[in-house]
Amino acid sequence: MMVSKETDEDFLFLAEDEPEIAGPEQTLGEWHLLIVDDDEEIHTVTKLALSDLTVMGKHLVFHHAYSGKAAVQFLRQHPHTALVLLDVVMESDDAGLKVVQQIREELGMDEIRIVLRTGQPGYAPEESVIKEYDINDYKTKTELTRSKLVTSIIASLRSYQQIRTINQSRRGLQKIINAGANLLEQHSLHEFSEGVVTQISSLIGLHAEGVLCAQIEDDGSASDNIYVLGAAGHYAPYIKCQLDRLDNPRIVAQITKCLRTRQHLFTDLDTVLYLGNDTHSAAVYIETNRPIEELDRQLIEVFLSNISIGYENVTLFQQLKHAAYIDPLTKTPNRNEFIQILQDTRRYEAAGNVAVLIDIDHFSDVNDGLGQDVGNELLIAVTFRLIEHFGVTCQLGRIGADVFGLVGPQTELTPERLQAAFAEPFHASEHALQVNATFGFCRLTDTAEQGLTILKHVYIALNKAKKHLGQNFQYYQAEMEDEMAERLAMLRMLRQDFAQDKLQLWYQPQVSLNGLQVVGMEALLRWPQGPGQFVSPAVFIPLAEYSGLIVEIGDWVLAQACLQIKQLAKQGFDNLRIAVNVSMPQFRHAGFVQSVIDCVNYYQINPQLLELEITESVVMDEPKIVIDALQKLKNFGIKVAIDDFGIGFSSLSYLQQLPLDRIKVDRAFIRDIDKAAGEVLAETIISLGKRLNLSTIAEGVETKAQEQAVLAMGCDEVQGFMYAKPMPPAELLLFLQQQKK
C-alpha cells in the first residue's frame, strides 16, 4: 500500500522532542538492519532518516526486502542481522505477522529485534501475538516521526546487544565447560596444547589459523628455551620446534614478554595469553589482526582459569611419561619407547629399514675395574658417538645396561659402519677405553609388526652373534627363532621329566691296565625319550647349564652316585670309586662345597671313593673359585680329576695350582693315536701326568691297538667300549659280579 505525501513529510521532517544523539567519532563496527516493505518509497525515506545515526559506536547498514518471502530468505542467509523494520500489511493483511512467526519458530532467531509498522491506523495485531513472538515495538507510520523512529531503533539495538551478550556468555560458558572436560582428558602435552589453541579460537569466533602455544623450559631468560607445543593453521609444522624456527621476530618478542611478565598482552594485531604457574609456564599466541572484545576477554579469562590446573596436571603427567620412556642417563628412548619406535617404523616404513642391537663387550669389567661412574661416562660417550655417526638418519635408544638399539636405513646401519664407530677409543673420565661390541641385525621386512616381537628377533640375532666365534654380528633369520623355540620346548620337557624323576644315571667302568680289573666307574646322565631312545647329553647338558637347572640336576647326580657307592659296598665292592662331572654353574652356586660334603656324610661313604671330574673350560672360566672349592673338597678326602685335558689349551700354571689326582686323556687323541700328531699329544699328556705324580686314564679306547699304544706310553687306566659300555645300575652290578668270577 501507499502512504500520503503528508504522512511522508511528517515522518521525514517532524522533529519535536527529538533527542540529541551523540556517538563516538570512530566507529568500531556496524549494525545490520533489514527494511521489509512493499512500498519502495518507504525504503528510501527510512534509509534517509537514519543514514547519519550511530548507536554504541556502530553505524547502520541497510538491507531491503519487498515481500515477506524475500525477508525470510534474506534472514536465512544473514543470521547476524540485528533489527527488522517490518510492514504488517503486504501480500496479505497479516503477511508481516507470518514473517515474525517464521523468524522465531522456523529460523530460530531469538536475538534479532523486530519493529512492526503499518500504514493502516485502524489495523493492529492482537496483544497476544506481540507477546508471543517477542515484538519490540508497533507503530503506525503516521505516528512514527524521525525522533520516535530513532528512539525505537536505539532501544531495539540495545536490547539486541544485551540479548546477544547473554547468549554469547551462555554459549561461551558451555564451550568452556566442554573445552575443560576435553582438555583434561588429554594426557599428551602436545595434544593438550593443540586443544588449547583450538578451543580459544572457538571461544572468540576465530579460525585456528596462525595460533600456537609455547612453553618455556628453563628460566625464561632466552628465547632458545621456548618450544612450540601446539599449533594450528600455517604454524602447525613447527610443533616441537624451538620458537626461533618461526623466523618471526614479533611472535618471539611477544611470547617472550608474556612469559617474562606473566601477563596477558592485548594489541590491535595479536593477543598473547599467559597460562601456568611458578613451575610450569606457557603462552598462547593468537594472530587476530583486530582487538579482542571485552566479552571475549572475559570468556578467555574464565577458560584459562578453568584449564590451568589441567595444564599443570598434564605437564606433571608428561614428566612422568618422560621418566617412563626416556633413559635418565643417556636422555635417549629407553626400552619401552624403543619398542614403540620399532613398531611405528615397521608399520609405516618397513622397506629398506633395519633394527640393530649393540652389546658392549665386557662392559662389566669397566664397572668392576674402574667404577660405576666411569662406566656411566663410557655409556654417555658411546651414545654421543652413535648419534654422531647415525643420528641424522637413525633413531637411537638404550635398551639395557650395556645394550643400545638403532633403527634406520639398511644402507646406513651396516656391520662395517658400526664397527667403524667403535674403531677409536672412547673417553671416560681420564681414561681412553678401547671398546668392542657385538651386533644383532633384523631387517624389518623379515619380522613381525609388533614392536616387542621385533625386539625379540633382534635379540635372537645378537645372542647368535655372541656365540659365533668367527664374526661379531648376525642377521636374524626365521630358522633362528625355530631353533630357539625348539630349545625352549626341550628345556621345558627337561624340567618336567626331571621333576617326575625320569632322568637316569648310568655308569661306564674304568679298568686298570695292570691286570684289566675294574677300578671305578664314570657316572653318565641319561635322558630317555622312549624305549631304547635317549637325548644326547651334548644337547641337553648345555641347556641345563644355560638355564641353571644343572645345579639341581648336579645335586641329584651326586646323591645317586653316593647312594650307588654305598649299595656297591654292601655287595662287596667297597673299593670302587665313581667319578661325577661338575659344571661351572655348580661351582658358582653358593654352598656347593658344603653340599658335596653333606652328601658324603649323609650316605656315610668313604670320600676317597667319590671323584669329581672337571674340564679345562671350567677351570679357565673362574680359576680362583674352582681352585678354592676343589682345595676344600680335596682336604675332605674327595678325589679330583681333570677331563678332556689338552682340548682347551689352558695355561699350565693352573695345572700346578689344581689339587688333582688324575688326568684323563681325551678320546680325540686316542682316536688319532695311530697318527704321528695324535701319538705325540697323547704321550705328552701321559708323560706330564707322571711327572706331576698324577694317575692317567685314557678314555675312548675301542681297539687292541689303542690299548697297546697307551700301555706302552705308561698310562695307568682306560675307559671305552672295548671294555664296557655305559649301563644302568642293575646291569652294572651284574657286570661286576661276572668280572669278579
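In the predicted model, Leu-633 makes contacts with Phe-592, Val-593, Val-596, Ile-597, Leu-612 and Ile-638, when residues up to four places away in sequence are not counted. Leu-633 belongs to the largest nonpolar core, a set of 81 residues in which it is listed with Ile-553, Phe-587 and Leu-610 as touching the most other members. The element that gives the most to this core is helix α17, spanning residues 549–570, from which 12 residues are drawn. Apart from this core lies another, made up of 29 residues and including Val-356, Ala-381, Leu-433 and Phe-473.

With regard to the protein as a whole, 26 helices and 27 strands are assigned, and 48% of the 741 residues count as buried. Among contacts with a separation of 6 or more, 65% are accounted for by residues that stand 24 or more positions apart. The exposed surface of the protein comes to about 36,600 Å², of which carbon and sulfur atoms supply 50%.

Helix α4, which comprises the 12 residues 95–106, should span 16 Å at 1.5 Å a residue, and this agrees with the separation of 15 Å between its end C-alpha atoms. The buried residues of α4 are Ala-95, Gly-96, Leu-97, Val-99, Val-100, Ile-103 and Arg-104. An α-helix has 3.6 residues a turn, so residues three or four places apart point the same way. Just after α4, Gly-108 adopts a positive phi of about 65°.

Within helix α4, Ala-95 may be considered in further detail. Ala-95 is classed as buried because its relative accessible area, 7%, falls under the 20% cut-off. When neighbours within four places in sequence are left aside, Ala-95 is in contact with Val-88 and Met-90. The C-alpha atom of Ala-95 is also separated by 8.3 Å from that of Ser-67, a residue 28 positions away along the chain.

Turning to the strands, β10 (residues 270–276) and β11 (residues 281–287) run antiparallel and are joined by 7 bridges. In this pairing, Gly-276 of β10 stands opposite Ser-281 of β11. Strand β11 is mostly covered, given that 6 of its 7 residues are buried.

Note on methods:
Residues numbered from 1 in each chain as written. Predicted model: local features only at pLDDT ≥ 70, side-chain atom pairs only at ≥ 80, totals over all residues. Heavy atoms only, no water. Helix = DSSP H or I, 4+ residues; strand = E, 2+ residues; numbered from the N terminus. Expected span 1.5 Å × (residues − 1). Buried < 20%, exposed > 50% of the residue type's maximum accessible area, 1.4 Å probe, protein only. Core = buried A, V, L, I, M, F, W, Y, C linked by side-chain atoms within 4.5 Å. Contact = heavy atoms within 4.5 Å. Pairing = 2+ DSSP bridges. Areas by Shrake-Rupley, 256 points an atom, 1.4 Å probe, with all protein chains shown as cover.
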